[in-house]
Amino acid sequence: MTNTTNNTILVIGSTGKTGKRVTDLLEKRGIPVRHGSRSADIPFDWDNPQTWAPALAGVDKVYLTYYPDLAAPGSVDAVTKLTELAEYAGVRRLVLLSGRNETEAEKAERVVMASGLEWTIVQCAFFAQNFDEGAWLDEVLAGTLSLPVDQVQEPFVDADDIADVVAAALTDDRHVGRLYELTGPRLLSFRDAVAEIGAAAGRDISFVSVPIADYTAMLTEYGLPQDFIWLLNYLFTEVLGSKAQLADGVQRALGREPKDFADYAREAAATGVWTRSV
Ligand SMILES: NC(=O)c1ccc[n+]([C@@H]2O[C@H](COP(=O)([O-])OP(=O)(O)OC[C@H]3O[C@@H](n4cnc5c(N)ncnc54)[C@H](OP(=O)(O)O)[C@@H]3O)[C@@H](O)[C@H]2O)c1
């Protein structure tokens, strides 16, 4: 038998940017968390559906984050199957992490909304933490971030704000049946964002806009799998900047303003993450 109580929350992606923050917030409040990770005691692996039912057993609520991205082929089938298993296991509530302006993500949202379970949808802009905890960290550390975007503007949202909204949705009935669109308080181009990071870190960091063909060739040279390259191309050409407007999800869910990118950059810089040697 697993060590659960009737208010256990499964956090899928509990080691990820938002999942680890949600886990911390819940555990600080004494709420039992089932860690949803491939390396957890009860492992959860999207690539191994046999792991899904054991991870859901005895769970009351689920923070559902799909990996690599709800925009990836297969995501809707996986979310559908997981939602069915959750219902069968007696799960009461699902909180889904989603993106903005992604067709596949919208299909997955509809699956969760139609499930009959309590639900909250949390649609997010690109995370600020991609620059210090994610895919762009290595290049920022090396001093030049090259991406296939130029003038597009994105209202980067802070993972702490996402986690606050998700933790509220998991613990407060007022958020049931709500869809929150979360952005930061400001639109920034990548050039702006990198300049703010450089200023906060006290380093020269440049941003270089590269043609999509060159970017794809670079990723191929690095040996990234083709489906991952497809996903990145899709995110950069179709999703990023496609909704260059602010949303009020943080304000509606929490009654406060979202964190500004400059505050994110200052806090991240203070950890030394952008000044350590490569
Ligand atoms: N990053 C953004 O800007 C952004 C914006 C909007 C929405 N989203 C959504 O956020 C989600 C992911 O965010 P992220 O890219 O920032 O990643 P992330 O949450 O920081 O990290 C990846 C997490 O996924 C887990 N993971 C990796 N492979 C897995 C697998 N096969 N099965 C189960 N878990 C696996 C990892 O856990 P273990 O390694 O411990 O197993 C880790 O906890 C996606 O659904 C995406 O659509 C992201």
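Pro 68 lies in the loop between strand E3 (61–64) and helix H3 (75–89). The peptide bond leading into Pro 68 from Tyr 67 is cis, with omega near 10°. This is a predicted model. The points below cover backbone geometry, helix H7, two helix pairs and two buried residues.

**Backbone geometry**

- Most residues other than glycine have a negative phi, and most peptide bonds are trans.
- Asn 101 is not a glycine, but has a positive phi of about 60°.
- Asn 101 sits in the loop between strand E4 (93–99) and helix H4 (103–113).
- With a relative accessible area of 36%, Asn 101 is partly exposed, because that class runs between the buried limit of 20% and the exposed limit of 50%.
- Gly 202, which follows H7, also has a positive phi, near 70°.

**Helix H7**

- Helix H7 covers residues 190–201, which makes 12 residues.
- At 1.5 Å a residue H7 should span 16 Å, and its end C-alpha atoms are indeed 16 Å apart, so the expected and modelled spans agree.
- The buried residues of H7 include Phe 190, Ala 193, Val 194, Ile 197, Gly 198 and Ala 201.
- Viewed down the axis of H7, these buried residues fall within an arc of 135°, so they line one face of the helix.
- An α-helix has 3.6 residues a turn, so residues three or four places apart point the same way.
- The partners of the buried residues of H7 are helix H5 (137–142), strand E6 (144–147), strand E9 (188–189), strand E10 (206–209) and helix H11 (261–270).

**H7 against H11**

- The axes of H7 and H11 are 9 Å apart, and the two helices pack at an angle of about 40°.
- That angle makes H7 oblique to H11, because it is neither under 35 degrees, the limit for roughly parallel, nor within 65 to 115, the range for roughly perpendicular.
- H7 and H11 make a right-handed crossing.
- On the H7 side, the contact is made by Ala 193, Glu 196, Ile 197, Ala 200 and Ala 201.
- H11 contributes Phe 261, Ala 262, Ala 265, Arg 266 and Ala 269 to this contact.

**H8 against H9**

- Helix H8 (residues 212–221) and H9 cross at roughly 155°, and their axes come within 10 Å.
- H8 is therefore roughly antiparallel to H9, a class that takes angles over 145 degrees.
- The crossing of H8 and H9 is right-handed.
- H8 makes the contact through Ile 212, Tyr 215, Thr 216, Leu 219 and Thr 220.
- From H9, the contact residues are Gln 226, Ile 229, Leu 232, Asn 233, Phe 236 and Thr 237.

**Two buried residues outside the helices**

- Thr 8 is found in the segment before strand E1 (9–12).
- Its relative accessibility is 2%, so Thr 8 counts as buried.
- Neighbours within four places in sequence aside, Thr 8 touches Pro 32, Val 33, Arg 34, Gly 58, Val 59, Asp 60 and Lys 61.
- Gly 241 belongs to the loop between helix H9 (226–239) and helix H10 (249–254).
- At 19% relative accessibility Gly 241 counts as buried, because the cut-off is under 20%.
- With neighbours within four places in sequence left out, Gly 241 is in contact with Val 152, Gln 153 and Glu 154.
- Val 273 is 32 residues from Gly 241 along the chain, and their C-alpha atoms are separated by 26 Å.

Note on methods
Residues are numbered from 1 along each chain as its sequence is written. This is a predicted model: local features need pLDDT of at least 70, side-chain atom pairs count only at pLDDT 80 or more; totals for chains, interfaces and linings use all residues. Side-chain values use heavy atoms; hydrogens and water are left out. Helices (H or I, at least four residues) and strands (E, at least two) are DSSP runs, numbered from the N terminus. The expected span of a helix is 1.5 Å times one less than its number of residues. Buried means under 20% relative accessible area, exposed over 50%, partly exposed in between (1.4 Å probe, protein chains only). The arc is that of the directions from the helix axis to the C-beta atoms. Contact means heavy atoms within 4.5 Å. Axes are lines fitted to C-alpha atoms, for helices over the stretch in contact, and angles run from 0 to 180 degrees between N-to-C directions. A crossing is left-handed if the near helix is turned anticlockwise from the far one by less than a right angle, and right-handed if clockwise.
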